[in-house]
Amino acid sequence: MSLSTPYSKLVLATAVAAVTFTTACKPKKAETVISGDAAQKVYVAPGKLDEVYLFASGGFSGQVAAYGLPSGRLLKVIPVFSQNPENGWGYSEETKAMLNTSHGFIPWDDAHHPQISKTDGSDDGRWLFINGNNTPRIARINLATFKTEEILEIPNSGGNHSSPYCTENTEYVVAGTRFSVPIEGNTDVPINTYKENFRGALSFVKVDPKEGHMNIAFQLLVPGVNYDLARSGKGASHGWMFFTCYNSEQANTLLEVNASQRDKDFIMAVNWKKAEEYLKQGKGKKTPTTYYHNNYDERTHSASSKVEKEVLTLDTRVLKDIVYFIPCPKSPHGADVSPDGESIVASGKLAAVIPVFSFKKMTDAIAKKTFESEFDKVPVIKYEAALAGEVQKPGLGPLHTEFDDKGYAYTSMFVSSEIVKWKVDTREVVDRIPTYYSIGHLCVVGGDNKKPYGKYAIALNKITKDRYLPTGPELTQSAQLFDITGEKMNLLLDFPTIGEPHYAQACPADVILKNQKKIFELSKNEHPYAVKNEKETKIVRNGKRVDVWMTAIRSHLAPDNIEGIKLGDEVYFHITNLEQDWDVPHGFAVKGAENAELLIMPGETQTIKWTPKSTGIFPFYCTDFCSALHQEMQGYARVSPANSTVALKSGIGETAPKNELAKN
């Protein structure tokens with residue numbers, strides 16, 4: 001279809017309308033919408049704790065940010081896929097391995113969808129999973145330490161967008177590819193052979209129920225379209241996953257137009273219990289591939305990488321009762337499941353209604369084979385056979401839906417910049433409230449749980465014109481907090497965020513607080529360069545490698561005088577924090593280091609590599625203010641010429657090296 005066709009003009013007109021709205025149609029009196037008691041509802045007095053944790057993806061920063069609600073206070077930036085100079089993540093020798101991939105060391109990614117682990121369909125506060133969208137990866141963050149403990153690369157994936165979504169008891173986290181690509185060795189093909197050679201892969205990652213360790217159990221090979229988002233079934237629909245699919249036209253260029261030709265794309269319903277049955281029958285196929293699996297061991301405070309060489313696949317062209325398509329108004333984005341698991345809500349970005357599908361009607365249609373056709377050998381269920389009903393006139397640009405504990409759903413509307421509240425059982429719109437501006441995802445506290453907490457909805461917005469002091473061409477990223485306890489939604493707070501707050505999950509603080517770790521026990525530190533007291537500190541040369549076993553405790557480093565380093569040496573400072581007191585990290589930096597600093601938790605050991613580029617005296621010091629004499633927590637390293645005879649010595653106080661001049 002050419003760009004001059006009537007439909008193409010409609011698509012372009014919709015896009016222009018969206019841009020026009022977001023740039024010109026600021027809702028009137030936006031600054032006065034807040035009700036008089038909003039400030040009281042978000043005020044958290046000094047010394048008091050917030051009620052809710054909010055975990056928001058950092059989007060293109062590659063990180064996760066933890067906020068307290070209702071205050072909107074930023075509590076911590078958790079480094080995941082990107083190097084972070086604040087605490088040495090990805091720079092220290094212990095954490096570099098976490099960023100290894102089959103493409104090499106990749107210190108950046110695009111983090112989109114945080115997902116709290118689930119037990120019986122509710123947040124259990126143990127782990128937070130998040131996807132790397134660009135170089136397909138899933139990370140697992142331990143919510144006892146707020147540290148990333150595991151990163152698993154996803155093979156056969158062209159973009160890890162419909163990811164990572166937990167099943168009801170975190171049996172799996174599921175990762176669907178955004179871009180279908182040629183796989184199984186036949187990869188060097190013309191791009192315009194998309195329909196013949198491109199396929200999608202849905203990865204089911206098994207999660208160890210005690211430790212959380214991840215392994216790819218199997219992949220489903222599915223038709224070559226784009227897989228956008230997903231949710232797991234729960235309650236009535238436990239054992240199923242639901243993915244939104246667009247580009248059922250299987251276009252490979254100018255998708256803005258060419259992937260919007262059909263009136264309907266699809267929801268893909270996946271019966272993963274059926275897939276497990278086929279695996280038990282030995283119908284999986286081991287497929288060669290290469291991907292990295294990186295783990296951070298809390299005992300050694302170090303990461304390691306393992307290269308995996310194959311993955312087990314099931315081909316849905318052959319095993320045809322694993323997946324089914326349900327027609328859905330064009331370009332669907334979110335697929336969300338109601339708390340009881342019966343309703344599957346789909347949001348067509350270019351649709352004027354929100355279809356709500358019935359799980360019972362869907363399974364009845366499958367049993368009766370009420371199909372309208374096949375798409376790439378996958379049965380397509382008749383739209384009306386699976387449809388419970390449609391939300392009429394919800395607004396423009398529906399994207400995502402989450403639920404409260406009172407039977408209501410909340411859908412974000414990107415084009416009309418609003419949140420729309422509707423009743424799940426009748427699909428009646430009961431309220432709407434503007435957002436500022438162009439909301440993407442939204443989050444209700446526990447909004448994807450069997451028993452939502454409700455109370456707050458959080459808008460993750462794309463535009464912030466007029467909301468904050470300007471900061472040049474780029475304005476701050478933003479989220480907004482809404483009170484949803486009454487019949488009418490009320491705006492309570494705007495608060496800035498890091499990166500792009502693409503999606504967020506929130507849960508009551510008690511769910512997280514009960515597991516918090518305060519220190520790492522020094523006696524259990526198994527790092528190979530750990531020392532348990534200052535008497536064990538030392539410095540050792542092995543050729544041009546110099547290892548420094550160093551300790552940090554308020555308010556000195558030991559040793560604090562080091563001599564005998566030569567130009568051309570590689571120096572490894574291994575610093576053990578001897579503190580056993582909560583919230584007393586120590587930092588370490590040395591002049592001229594090409595890496596970032598270290599930030600070492602109580603009882604932990606971390607290493608920074610330093611290669612001095614000139615002779616002289618180089619100060620090193622603690623970077624994290626730790627005591628009244630923090631400024632005195634410093635030392636010197638002396639670097640002599642490569643042919644120097646200065647002996648390698650170190651010490652502190654009386655043991656510090658003395659009076660040795662260089663003899664070149």
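This is a chat about salt bridges, sheets and one helix in a predicted model.

Me: Before we dig in, what kind of model is this, and which pLDDT applies to local features?
Reply: The model is predicted: local features need pLDDT of at least 70, side-chain atom pairs count only at pLDDT 80 or more, and totals for chains, interfaces and linings use all residues. Residues are numbered from 1 along each chain as its sequence is written, and side-chain values use heavy atoms, with hydrogens and water left out.

Me: Great. How many salt bridges does a search of the whole structure find?
Reply: The search finds 40 salt bridges, a salt bridge being a side-chain nitrogen of Lys or Arg within 4 Å of a carboxyl oxygen of Asp or Glu.

Me: Which residue does Glu 298 meet in a salt bridge?
Reply: Glu 298 meets Lys 517, with 3.5 Å from N to O. Glu 298 sits in the loop between β17 (285–297) and β18 (302–315), and Lys 517 in the loop between α8 (509–513) and β35 (538–542), so the pair ties together parts 219 residues apart in sequence. Helices (H or I, at least four residues) and strands (E, at least two) are DSSP runs, numbered from the N terminus.

Me: Are Glu 298 and Lys 517 buried or exposed?
Reply: Glu 298 is partly exposed, at 29% relative accessible area, and Lys 517 is partly exposed as well, at 34%. Here buried means under 20% relative accessible area, exposed over 50%, and partly exposed in between, with a 1.4 Å probe and protein chains only.

Me: And what does Arg 554 pair with?
Reply: Arg 554 forms a salt bridge with Asp 581, their closest N and O atoms being 3.6 Å apart. Arg 554 lies in the loop between β36 (545–553) and β37 (556–558), while Asp 581 lies in the loop between β39 (570–577) and β40 (586–590), so this pair ties together parts 27 residues apart in sequence. Arg 554 is partly exposed at 37% relative accessibility, and Asp 581 is partly exposed at 37%.

Me: Which residues are linked in a network of salt bridges?
Reply: Lys 118, Asp 123, Arg 231, Asp 336, Glu 402 and Asp 448 are linked that way.

Me: Switching to sheets. What is the strand order in the open sheet of 10 strands?
Reply: The order is β6-β7-β8-β9-β17-β18-β13-β12-β11-β10, with mixed pairing. Two strands pair if DSSP finds at least two bridges between them. The edge strands are β6 (115–119) and β10 (162–166), each pairing on one side only. Neighbouring strands of this sheet are turned by 25° against each other on average, direction ignored; axes are lines fitted to C-alpha atoms, for helices over the stretch in contact, and angles run from 0 to 180 degrees between N-to-C directions.

Me: How do β7 and β8 pair?
Reply: Strand β7 (residues 122–132) and strand β8 (residues 137–142) are antiparallel, over six bridges. Leu 128 stands opposite Ile 141 in β8.

Me: What lies across β11, β12, β13 and β18?
Reply: That's helix α5 (residues 272–280), which runs at about 90° to β18.

Me: Back to strand β6: what does the side chain of Ser 117 make a polar contact with?
Reply: Ser 117, which lies in β6, makes a polar contact with the side chain of Asp 124 at 2.4 Å. A polar contact is a pair of N or O atoms within 3.5 Å; within protein, one must be able to donate a hydrogen and the other to accept it, and residues adjacent in sequence count only if both atoms are side-chain atoms. Ser 117 is buried, at 0% relative accessibility.

Me: Now helix α6. Which residues are buried there?
Reply: In α6 (residues 359–367) the buried residues are Phe 359, Met 362, Ala 365 and Ile 366. Seen down the axis of α6, they fall within an arc of 125°, so they line one face of the helix; the arc is that of the directions from the helix axis to the C-beta atoms. The face turned away from the buried side carries the exposed residues Lys 360 and Ala 367.

Me: What caps the N-terminal end of α6?
Reply: Ser 358 does, with a side-chain oxygen 3.3 Å from the backbone nitrogen of Lys 360. Just after α6, Lys 369 takes a positive phi of about 55°.

Methods: Contact means heavy atoms within 4.5 Å.
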